[in-house]
Amino acid sequence: MFALIFKLGALTHPEMAFTALHSQIVWLEVSRFIETALGGSAFAITFFAVVNIFGQAIFLNRIANRHHLFPKATYFPALGYIMVTSLFKEWNYLSAALMSNWLLLAMLSNMLLLYAASDARKKIFNIGCFISLTALLVFPNIIFIALLLLALAILRPFKAAEWMVGLLGILTPFYFLAGLFYLFSDITLLKRMISVGFSLPKEIKNPQVVLTSFSMILVLLTAGVFYLNIHMSRMLIQTKKWWWVVIASFFISIVAGIFTVAKGYNQWMAFLPAATLVFTNIWFVEKRKWINSIFFYLFLAVVFFAQWK
């Protein structure tokens with residue numbers, strides 16, 4: 001219900017999937033398939049994107065509750081993810097960055113399971129596959145290899161075999177895709193598997209919305225880091241290690257966003273799951289309800305302002 005309310009602005013102004021000439025070949029083919037399957041309807045494609053955001057919010061919430069990242073089970077991570085994706089209109093529409101977030105969430109979920117996993121090698125191989133698959137959609141996400149190495153260092157005792165399994169998982173999807181291109185005698189498509197760039201916007205459309213939304217994210221993250229620092233002093237060692245992986249994911253996703261070629265602000269979607277987990281601490285650590293209410297209703301007001309301005 002909340003997802004439909006917050007996304008009403010996007011649903012009343014639907015758009016087709018975001019693609020461009022520099023888009024990677026895998027996303028061009030996937031977006032073409034989705035558009036054909038949905039009959040080329042802009043509303044159906046936008047609704048499909050909203051459903052994906054809702055699904056990702058539930059997935060993120062499950063990760064938080066399964067690993068006890070917060071003192072008690074909650075739906076705040078799901079609500080926070082739906083709300084933060086409403087701050088910029090581009091985050092409401094179908095794009096490679098949006099779809100790749102499924103793979104990043106699956107990657108994070110499997111990483112947090114490594115701490116006491118009996119089948120660690122299987123999970124590490126899967127994590128490697130998720131990283132390379134998300135890189136096939138948004139190539140700068142390949143930098144999440146660094147997160148895999150950090151997660152192994154934080155959550156597992158050093159075993160060279162596990163690190164090699166991770167490398168094998170990363171290479172496997174690229175190997176099979178390159179093989180397909182070779183079989184179809186179109187090896188030149190390999191160049192279109194990679195899209196990396198860095199550019200600053202030439203002009204800022206709706207500067208009031210951009211400034212307000214950016215300021216809201218900055219306020220939430222600043223407060224979230226403050227409360228997380230308080231929260232970590234009371235955590236078990238296991239939970240602290242999980243949070244260090246989340247924090248590392250946050251910073252690595254920012255680096256990936258810098259080199260992502262995308263429309264509008266889509267390049268920053270990869271950092272939203274980790275950012276949501278960080279600022280959700282506000283509503284658990286702060287015991288004064290009036291402060292919690294101020295943060296929530298201010299966030300809510302900015303969301304509606306961004307959607308309808």
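# Notebook: helices, packing and two odd phi angles

I began with helix 3 and listed its buried residues, which are I25, W27, L28, S31 and I34. I am reading all of this from a predicted model. Helix 3 runs over residues 25-37, 13 residues in total. From first C-alpha to last I get 18 Å, close to the 18 Å expected at 1.5 Å a residue. Just after helix 3, I noted that G39 takes a positive phi of about 70°.

**Overall make-up**

Next I stepped back to the whole protein chain. I count 14 helices and zero strands, so to speak an α after α pattern along the sequence. Of its 309 residues, 53% count as buried. I also checked how contacts spread over the sequence: among those with a separation of 6 or more, residues 24 or more positions apart account for 79%.

**Helix 5**

Which residues of helix 5 are buried? I found P77, A78, L79, G80, Y81, I82, M83 and V84. That is eight of the nine residues in the stretch 76-84, so helix 5 is largely enclosed by the rest of the structure.

**Helix 6 against helix 11**

I then turned to helix 6 (residues 96-112) and helix 11 (residues 237-258). Their axes lie 10 Å apart and the two pack at an angle of about 155°. Angles over 145 degrees count as roughly antiparallel, and that is why helix 6 is roughly antiparallel to helix 11. I logged the crossing of helix 6 and helix 11 as right-handed. On the helix 6 side I see L108, M111 and L112, which meet W242, V245 and V246 of helix 11. By class, this contact of helix 6 with helix 11 has six nonpolar residues, with no polar and no charged ones.

**Helix 8 against helix 11**

Helix 11 also packs with helix 8 (residues 145-155), so I looked there too. At what angle do helix 8 and helix 11 pack? I read about 165°, with the axes 10 Å apart. Helix 8 and helix 11 are therefore roughly antiparallel to each other. Their crossing is right-handed. From helix 8, the contact is made by A146, L147, L150, A151, I154 and L155. From helix 11, I wrote down K241, W242, W244, V245, A248, S249 and I252. Sorted by class, the contact of helix 8 with helix 11 has 11 nonpolar, one polar and one charged residues. Looking back over my notes, W242 and V245 of helix 11 are named in the contact with helix 6 and in the contact with helix 8.

**I291**

I picked out I291, which is found in helix 14 (residues 289-308). Is I291 buried or exposed? Its relative accessibility is 12%, and I291 therefore counts as buried, the cut-off being under 20%. Leaving aside neighbours within four places in sequence, I find I291 in contact with Y227 and E286.

**H68**

My last stop was H68, in the loop between helix 4 (42-66) and helix 5. What is its phi? I noted a positive value of about 55° for H68, although this residue is not a glycine. Most residues other than glycine have a negative phi, so I kept this one in the notebook. H68 is exposed, with a relative accessible area of 57%.

Notes: Residues are numbered from 1 along each chain as its sequence is written. This is a predicted model: local features need pLDDT of at least 70, side-chain atom pairs count only at pLDDT 80 or more; totals for chains, interfaces and linings use all residues. Side-chain values use heavy atoms; hydrogens and water are left out. Helices (H or I, at least four residues) and strands (E, at least two) are DSSP runs, numbered from the N terminus. The expected span of a helix is 1.5 Å times one less than its number of residues. Buried means under 20% relative accessible area, exposed over 50%, partly exposed in between (1.4 Å probe, protein chains only). Axes are lines fitted to C-alpha atoms, for helices over the stretch in contact, and angles run from 0 to 180 degrees between N-to-C directions. Angles under 35 degrees count as roughly parallel, over 145 as roughly antiparallel, 65 to 115 as roughly perpendicular and the rest as oblique. A crossing is left-handed if the near helix is turned anticlockwise from the far one by less than a right angle, and right-handed if clockwise. Contact means heavy atoms within 4.5 Å. Ala, Val, Leu, Ile, Met, Phe, Trp, Tyr, Cys and Pro count as nonpolar, Asp, Glu, Lys and Arg as charged, and the others, Gly among them, as polar.
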